[in-house]
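Got the viewer open? Let's walk through this one stop at a time, selecting as we go.

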Amino acid sequence: MARALELAAKGLASAHPNPRVGCVFVRDGRVVAEGWHERAGGPHAEAVALASAADSVAGATAYVTLEPCNHHGRTPPCSEALIRAGVVRVVYAVGDPNPLVNGSGARRLREAGVQVEAGLLEAQASDLNAGFIKRMRHGVPLVRLKLAMSLDGRTALSDGRSQWITGDAARQDVQYWRSRSSAVLTGIGTLLADDPRLSVRPAGEHLRQPLRVILDRDLRTPPAARVFEGAAAQGVWIFTACTDKDRIAALEARGARIEQVLELAQVLTRLGKAGVNELLVEAGATLAGALIEQHCVDELLLYVAPVVLGDRARGLLRLPEPQSLPQARRFAMIESVAVGADQRLRLRVEH
C-alpha cells in the first residue's frame, strides 16, 4: 500500500478534478503490476496497472489507495475490471465518498466472491486526497492559506514593500503547492499591489496551470494585469459585485469569466461545483483574516523568515482580538520543514 501511495502521488498536479489513486498487484509475494491515475478522462489506476501486466493477474491481491469505482463515467467500472481479471483479494486504503461510489465498489467485489479489506494506511491516503474528499462530502474545496512572515509576525514594511521576506528556496517551494492546487485565489488588493501571475513557474510543456481566481468587489482588475498571461487553458475567474458593462466587457475580452458573487461561502460553493479540490489562497491581511474569521480555512501554509521587521511593519492577519485567550483560534501542527534559510509550517485549523 505504501508503494501504491507513492504511485498515487505522481498525480498530485495532474489528476484534478479526480482523486489521486495508485494500484499495485501482488501475487506470491511479488509485485506483478502497478499503475496510477494520471488525468481525468484517462484510465484509472487499476486499469493502468492491468494494462501494464506482462502476464495474467489472476489470483493476485490488488492494493488500491481508494475504493474501486462501480459506475460508468468517462471510463468503465474498475470493480468489474478487477473481477474479470480474476483478482481474489482487494485491499483499499480509504472509501470513495463520491455518491456514485460510496461503498458500492466494495459491495460489488464482495458479491463476486472477492475478499475485500479496507483501512490500510487510511490516514495517509485521506491526506493525499483531502481536497477531493472534502468536495465530495461538503461541496467545497479544501482551502489552504499561504502566508509569509518575519520572526515577529510581519508581512511587509509599513509602506507595503514585501519583496522579498523569504528566500529563493521558499518561493520555489510555493510553486509546488500551486502546482498541486486546482485553483489559486487572491484579492484585488494583492493584485494591484504586486501584479502576480498566480501561475506555476517554470511552466513545462505538459504542466497543468491552476485556475486563477480573483475577489474584486468593484472590478478594478486591469485588463493588462499579468494574471492573464498564459491563462487561456485554465482561465481567470473574477468574483465581483460590479455590474458595469464596459468593465466586464474589457475583462471578458481578456478571457476572464465574471460572476456577480462575493460572499466567501458562495464563492467556495461555486468553486466546488466547478471541480476545485484544493484552493491555495495567496492574499493580504484583510482577506486572509476574513477567511479565518468566517471559518473558511482548513490549513495554513506559513513560511517564517529569520528576520525581524519591527512593530510598525504590517501584520499577518486582520482579525478582531479575542475577548480571552481560551477564545483564541488555535491550530494543530502537521509538519515543520526547513526550506533554505526559512521554515515552512503546515498547520490544520482546529474547529
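Which residue in β5 is the bridge partner of Arg 89? Select Gln 115 and you have it: Gln 115 is the partner of Arg 89. A word before moving on: this is a predicted model, where local features need pLDDT of at least 70 and side-chain atom pairs count only at pLDDT 80 or more, while totals for chains, interfaces and linings use all residues. Residues are numbered from 1 along each chain as its sequence is written, and side-chain values use heavy atoms, with hydrogens and water left out.

**Stop 1: the sheet**

Now colour β4, residues 89-94, along with β5; the two run parallel, paired over 4 bridges. Elements here are DSSP runs numbered from the N terminus: helices are H or I with at least four residues, strands are E with at least two. Two strands pair if DSSP finds at least two bridges between them.

Widen the selection to the whole open sheet: 5 strands in the order β2-β1-β3-β4-β5, with mixed pairing. At the edges sit β2 (30-36) and β5 (115-118), each pairing on one side only. Ignoring direction, neighbouring strands are turned by 15 degrees against each other on average. Add helix α2 (residues 45-52), which packs on the sheet and touches β1 (22-27), β2 and β3 (61-66); contact means heavy atoms within 4.5 Å. The direction of α2 makes about 130 degrees with that of β2 (axes are lines fitted to C-alpha atoms, for helices over the stretch in contact, and angles run from 0 to 180 degrees between N-to-C directions).

**Stop 2: Thr 75**

Select Thr 75, in the loop between β3 and α3 (78-84). Is Thr 75 buried or exposed? Thr 75 counts as buried because its relative accessibility is 14% (buried is under 20% relative accessible area, exposed over 50%, partly exposed in between, with a 1.4 Å probe and protein chains only). Leaving out residues up to four places away in sequence, Thr 75 touches Gly 41, Gly 42, Pro 43 and His 44. Measure along the chain and His 44 is 31 residues from Thr 75, yet their C-alpha atoms are 7.6 Å apart.

**Stop 3: pockets**

Turn on a surface and go to the largest pocket, about 1600 Å³. On a 1 Å grid over the protein atoms alone, a pocket is an open set of points with protein on both sides within 12 Å along at least five of seven lines, a cavity is a set where a 1.4 Å probe fits but cannot get out, and lining residues have an atom within 4 Å of a point. Points are joined across faces, edges and corners, and a volume is the space filled by probe spheres set on them.

Of the 50 lining residues, pick Thr 190, Asp 194, Glu 282, Ala 283 and Gly 284, which lie nearest the centre. Helix α7 supplies the largest share of the lining, 7 residues.

Next, the second largest pocket holds about 430 Å³. His 44 turns up again here, nearest the centre along with Asn 18, Pro 19, His 71 and Asn 98. Helix α6 gives the most to this lining, with 3 residues.

**Stop 4: cavities**

Finally, look inside for 2 cavities of 30 Å³ or more. The largest has about 70 Å³ of space, and among the residues closest to its centre are Asn 18 and Arg 20. The second largest, about 40 Å³, has a lining of 9 nonpolar, no polar and no charged residues (Ala, Val, Leu, Ile, Met, Phe, Trp, Tyr, Cys and Pro count as nonpolar, Asp, Glu, Lys and Arg as charged, and the others, Gly among them, as polar).
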